[in-house]
Amino acid sequence: MFSYAFAKILKTQFNLGFSSTIDENVNSFNGLMLTWHYYGYSRTYGLIIAGVQIASALLLLFRKTERIGVLLFLSFMVNILLINYFYEIDGAKPMSIQLTIMGLFLLFSDWKALTNYFLKSTSKESIIPELIPAKIKILYWLKFLIIPCMILYGYIHINNLKEEYMVKNELFGVWEITPRNTKTKIDKLYIEFNNRVKVRDTSDNFYYGKIELDDKSKKLKFKVKHYSDRAYNFIQDSLKKLNVKEENLKETKGNIREFYNNKNNTLPIELNFKYELKNDSLILLTEKRKNTYLNITDKYKN
């Protein structure tokens with residue numbers, strides 16, 4: 001544990017380097033790369049993990065603190081084992097299995113003491129129901145009704161949120177135009193939950209909006225607007241220089257945005273199509289029946 005902790009402190013763990021992966025697509029990452037990028041994003045979080053590993057190692061060194069140490073140790077060691085297994089980090093599996101087994105050995109060798117502490121009530125706790133007046137004793141047992149109701153409410157609440165905010169349409173996925181269509185400027189189409197859409201144009205600019213989808217008549221319509229940090233900063237800097245009055249702020253901001261979009265060829269994109277789905281291809285048909293092909297891999301679609 002000391003060596004694993006020092007590896008995080010000295011950055012030999014959670015550090016893949018920057019230049020070697022900057023141009024790679026996240027879909028090309030294996031389990032190790034995904035895990036190390038995720039945990040390496042926050043330096044502070046890595047140091048906290050290292051601190052917990054050092055604390056558990058120190059507690060395991062002394063018999064009086066061994067029980068606390070093994071519980072702390074297993075709380076993160078089992079998680080590490082699951083990550084190594086399900087993210088297919090084969091090189092780390094043998095050591096994580098060995099360390100977890102060693103931790104479980106320490107846990108079960110002192111199992112009686114742990115169960116006495118965590119699972120058995122004291123003499124004072126056991127007589128609490130007897131001290132409650134008979135008239136209100138029924139209230140004491142209401143907890144066995146309230147607890148399952150709370151669990152059920154939690155499930156229903158989250159499920160309702162999912163059904164409201166995570167609705168998929170039949171075009172849900174990432175669609176790439178082949179070949180590139182310079183007329184529509186669209187290079188990639190990201191159709192997300194609740195008909196939200198993100199569009200990448202042939203100049204790698206991004207646009208955001210919502211689609212109008214009629215799955216009966218097979219019609220697709222959307223209008224998307226360009227947003228970026230560069231555009232936002234340009235608008236804010238321009239407003240500071242112009243010293244605009246509050247009542248004119250919205251109109252002026254719109255004019256600046258239109259000027260920026262004209263200058264950078266990022267005007268809103270508004271398109272209407274009829275569409276057909278054939279296997280892994282989405283065929284968009286304009287009024288003149290000129291086809292635009294948007295291909296999607298099964299991996300993206302799922």
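# Report on a predicted protein model

The face of helix α11 that is turned away from its buried side carries the exposed residues Asp 229, Arg 230, Lys 240 and Lys 241. The structure described here is a predicted model, and α11 serves as the starting point of this report.

## Helix α11 and its surroundings

Helix α11 spans residues 229-242 and has 14 residues. From its first C-alpha to its last, α11 reaches 20 Å, close to the 20 Å expected at 1.5 Å a residue. The buried residues of this helix are Ala 231, Ile 235, Ser 238 and Leu 239. Seen down the axis of α11, these buried residues fall within an arc of 100°, so they line one face of the helix. The spacing of such positions follows a general rule: an α-helix has 3.6 residues a turn, so residues three or four places apart point the same way.

The cover over the buried residues of α11 includes β5 and α12, the latter being residues 249-264. After α11 comes Asn 243, whose phi is positive, near 55°.

## The chain as a whole

The secondary structure of the protein chain comes to 13 helices and 8 strands. The chain has 302 residues, of which 29% count as buried. Contacts between residues at least 6 apart in sequence may be considered next: among these, 47% join residues at least 24 apart. The protein chain exposes about 21700 Å², and carbon and sulfur atoms supply 59% of that area.

## A nonpolar patch on the surface

Which residues make the nonpolar surface patch of about 760 Å²? The patch is made by Phe 2, Phe 6, Ile 9, Leu 10, Leu 47, Leu 58, Leu 61 and Phe 62. Two helices, α1 (2-9) and α3 (43-60), each supply at least two residues of this patch. The largest share, 3 residues, comes from α1. One of the patch residues, Ile 9, is found in helix α1. Ile 9 has a relative accessible area of 33% and is therefore partly exposed, since that class lies between the 20% limit for buried and the 50% limit for exposed residues.

## Salt bridges

A search of the whole structure finds 6 salt bridges. The table below presents some of them.

| Partners | Closest N to O distance |
|---|---|
| Asp 110 and Arg 67 | 2.5 Å |
| Arg 200 and Asp 204 | 3.8 Å |
| Lys 278 and Glu 276 | 3.9 Å |

In the salt bridge between Asp 110 and Arg 67, the closest N and O atoms are 2.5 Å apart. Asp 110 lies in the loop between α5 (93-109) and α6 (111-118), whereas Arg 67 belongs to helix α4 (residues 66-86), so the pair ties together parts that are 43 residues apart in sequence. Arg 67 is partly exposed, with a relative accessible area of 42%.

The side chains of Lys 278 and Glu 276 also meet in a salt bridge. Lys 278 counts as partly exposed at 49% relative accessibility, and Glu 276 likewise counts as partly exposed, at 31%. Elsewhere in the structure, salt bridges that share partners join Asp 187, Arg 200 and Asp 204 into one network.

Within this network, Arg 200 forms a salt bridge with Asp 204. Is Arg 200 buried or exposed? Its relative accessible area is 19%, and buried means under 20%, so Arg 200 is buried. Its partner Asp 204 is partly exposed, with a relative accessible area of 48%.

## Positive phi angles in two loops

Asp 204 also has a notable backbone angle. Although it is not a glycine, Asp 204 has a positive phi of about 65°. Asp 204 lies in the loop between β3 (196-201) and β4 (206-214).

Where is Lys 218 placed? Lys 218 lies in the loop between β4 and β5, the latter being residues 219-226. This residue is not a glycine either, yet Lys 218 has a positive phi of about 60°. At 30% relative accessibility, Lys 218 counts as partly exposed.

The strand that follows this loop, β5, is included in what covers the buried residues of α11.

Key. Residues are numbered from 1 along each chain as its sequence is written. This is a predicted model: local features need pLDDT of at least 70, side-chain atom pairs count only at pLDDT 80 or more; totals for chains, interfaces and linings use all residues. Side-chain values use heavy atoms; hydrogens and water are left out. Patches are made of residues with over 30% relative accessible area and no salt bridge: like charges are joined within 9 Å, nonpolar side chains (Val, Leu, Ile, Met, Phe, Trp, Tyr) within 5 Å. Accessible areas come from the Shrake-Rupley method with a 1.4 Å probe; for residues, only the protein chains shown count as cover. A salt bridge is a side-chain nitrogen of Lys or Arg within 4 Å of a carboxyl oxygen of Asp or Glu. Helices (H or I, at least four residues) and strands (E, at least two) are DSSP runs, numbered from the N terminus. Buried means under 20% relative accessible area, exposed over 50%, partly exposed in between (1.4 Å probe, protein chains only). The expected span of a helix is 1.5 Å times one less than its number of residues. The arc is that of the directions from the helix axis to the C-beta atoms. Contact means heavy atoms within 4.5 Å.
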